[in-house]
Amino acid sequence: LGDHIESIDHNDFASEHDLDGSIGTAVRLTIVRESSAAFEVSVIRGQPNGTIPDIRVSDVLADRDGGLWFSTRTQAVLTRPSDHSDWKMIPGPEGPTNARQQVRLVETLDGTIYRCSGRVVSRFDQGSWKQDFRLEWPAESVHMSQDGTLWIGGGWGTLNVKRKGDWTPY
C-alpha cells in the first residue's frame with residue numbers, strides 16, 4: 001500500500017470512514033508514506049464539481065507537486081491541486097459505478113498517476129483515465145519501487161510488473 005490516511009483531526013482513521021463535514025471547514029489529515037515519516041496536510045472541505053452519491057475513501061495519494069488524490073468506492077477520484085484550486089471529480093474509465101471495489105492509487109517516478117480498480121489499471125492522461133493494462137485477477141496492492149518499477153499484487157498470488165513501459169505477468 002502506498003500513501004494512506006492515518007488520522008483525521010488526530011482521530012484514528014478507519015478504512016470506511018467518511019470525510020463528512022461542513023463545506024468551508026478545514027480537516028487535518030495525517031498521511032503516512034510507505035518510505036518516509038508521517039506528515040500532515042490541511043484541506044478545506046469543498047463541493048466537488050459533479051455529484052457522487054458516496055464519497056467513502058479507499059485510498060489517498062499526495063503527489064510530488066503537493067496535490068491530493070482521493071479514490072472513492074464509486075470508482076471516481078477526487079483531486080485537489082497543490083495550488084488549492086477547486087476540487088475535481090474524475091470518473092473512472094468505466095464511468096460512475098457502485099461496484100464498491102477498492103481503488104488503489106500510485107505515482108510513478110515520472111509523475112504519472114495510476115489507478116487500479118478491479119482488473120483495470122489506468123493512467124491519468126490529459127484530464128481523464130486511460131486504460132493501460134487489464135489484469136487477470138483484481139488488484140489488491142500496488143507499489144512503485146525506487147527504480148521506477150510498478151508492482152501490482154492480485155488475487156490467487158498473481159503479480160503484474162510494469163518496467164520500462166512493458167507489462168509482465170508472473
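**Rings, buried residues and hairpins**

Modeller: The charged end of R115 lies over the ring of W129, 5.8 Å from its centre. This is a predicted model.

Biologist: What makes R115 count as sitting over the ring of W129?

Modeller: The charge must be within 6 Å of the ring centre and within 35 degrees of the ring normal. The distance here is 5.8 Å. That is within 6 Å, so the distance test is met. R115 is listed as sitting over the ring.

Biologist: Which ring does R119 lie over, and at what distance from its centre?

Modeller: R119 lies over the face of W137, at 5.8 Å from the ring centre. The limit is 6 Å, so this distance passes as well.

Biologist: How many aromatic pairs does a search of the whole structure find?

Modeller: The search finds six. One of them joins W69 and F124.

Biologist: Why is the pair of W69 and F124 called what it is, given 75° between the planes?

Modeller: Centres must lie within 6.5 Å for a pair, and planes over 60 degrees apart count as edge-to-face. W69 and F124 are 5.1 Å apart, centre to centre, with 75° between the planes. Both tests are met, so the pair is edge-to-face.

Biologist: What does the pair of W69 and F124 tie together?

Modeller: W69 is in strand β6, and F124 is in strand β11 (residues 120-125). The pair therefore ties together parts that are 55 residues apart in sequence.

Biologist: Is W69 buried or exposed?

Modeller: Buried means under 20% relative accessible area. W69 has 7%, so it counts as buried. F124 has 25%, which is between the 20% and 50% cut-offs, so F124 is partly exposed.

Biologist: Which residues do ring pairs link into a cluster with W69?

Modeller: The cluster holds W69, F124 and W129.

Biologist: Why is the pair of W137 and W156 given its name, at 50° between the planes?

Modeller: Under 30 degrees counts as stacked, over 60 as edge-to-face, and the rest as tilted. At 50°, neither of those two limits is met, so the pair is tilted. The centres are 6.1 Å apart, and the limit for a pair is 6.5 Å.

Biologist: Where do W137 and W156 lie?

Modeller: W137 is in the loop between β12 (128-134) and β13, and W156 is in the loop between β14 and β15 (159-163). They are 19 residues apart.

Biologist: How do you know whether W156 is buried or exposed?

Modeller: Exposed means over 50%. W156 has a relative accessible area of 75%, so it is exposed. W137 has 30%, so it counts as partly exposed.

Biologist: What phi does W156 take in the hairpin of β14 and β15?

Modeller: W156 takes a positive phi near 60°, although it is not a glycine. That hairpin has four residues between the strands.

Biologist: What about K164: which loop holds it?

Modeller: K164 lies in the loop between β15 and β16. Its phi is positive, about 55°, and it is not a glycine either. The hairpin of β15 and β16 has two residues between the strands. K164 is at 83% relative accessibility; over 50% is exposed, so K164 counts as exposed.

Biologist: What makes β14 and β15 a pair of strands?

Modeller: Two strands pair if there are at least two bridges between them. β14 and β15 have four, so they pair, in the antiparallel sense. In this pairing, G153 stands opposite L159. β15 and β16 also run antiparallel and are joined by four bridges; the bridge partner of R163 is D166.

Biologist: What is the strand order of the sheet that holds β13?

Modeller: The order is β13-β14-β15-β16, in an open antiparallel sheet. β13 (139-144) and β16 (166-169) are the edge strands, each pairing on one side only. The twist averages 15° from one strand to the next. β13 and β14 pair over five bridges. Among the bridge partners are M144 and L150.

Biologist: Why does one side of β5 and of β8 lack a neighbour in their sheet?

Modeller: That open sheet has the order β5-β6-β7-β8. β5 (57-62) and β8 (88-90) stand at the edges with a single partner strand each, so one side of each is left free of a neighbour in the sheet. β7 (residues 77-80) and β8 pair over three bridges, and V77 stands opposite I90.

Biologist: How do you know whether R73 is buried or exposed?

Modeller: R73 has 11% relative accessibility; the limit is under 20%, so R73 counts as buried. R73 is found in the loop between β6 (68-72) and β7. R73 and V57 are 16 residues apart in sequence and 6.4 Å apart in space, C-alpha to C-alpha.

How values were computed:
Residues numbered from 1 in each chain as written. Predicted model: local features only at pLDDT ≥ 70, side-chain atom pairs only at ≥ 80, totals over all residues. Heavy atoms only, no water. Axes fitted to C-alpha atoms, helices over the stretch in contact; angles between N-to-C directions. Buried < 20%, exposed > 50% of the residue type's maximum accessible area, 1.4 Å probe, protein only.
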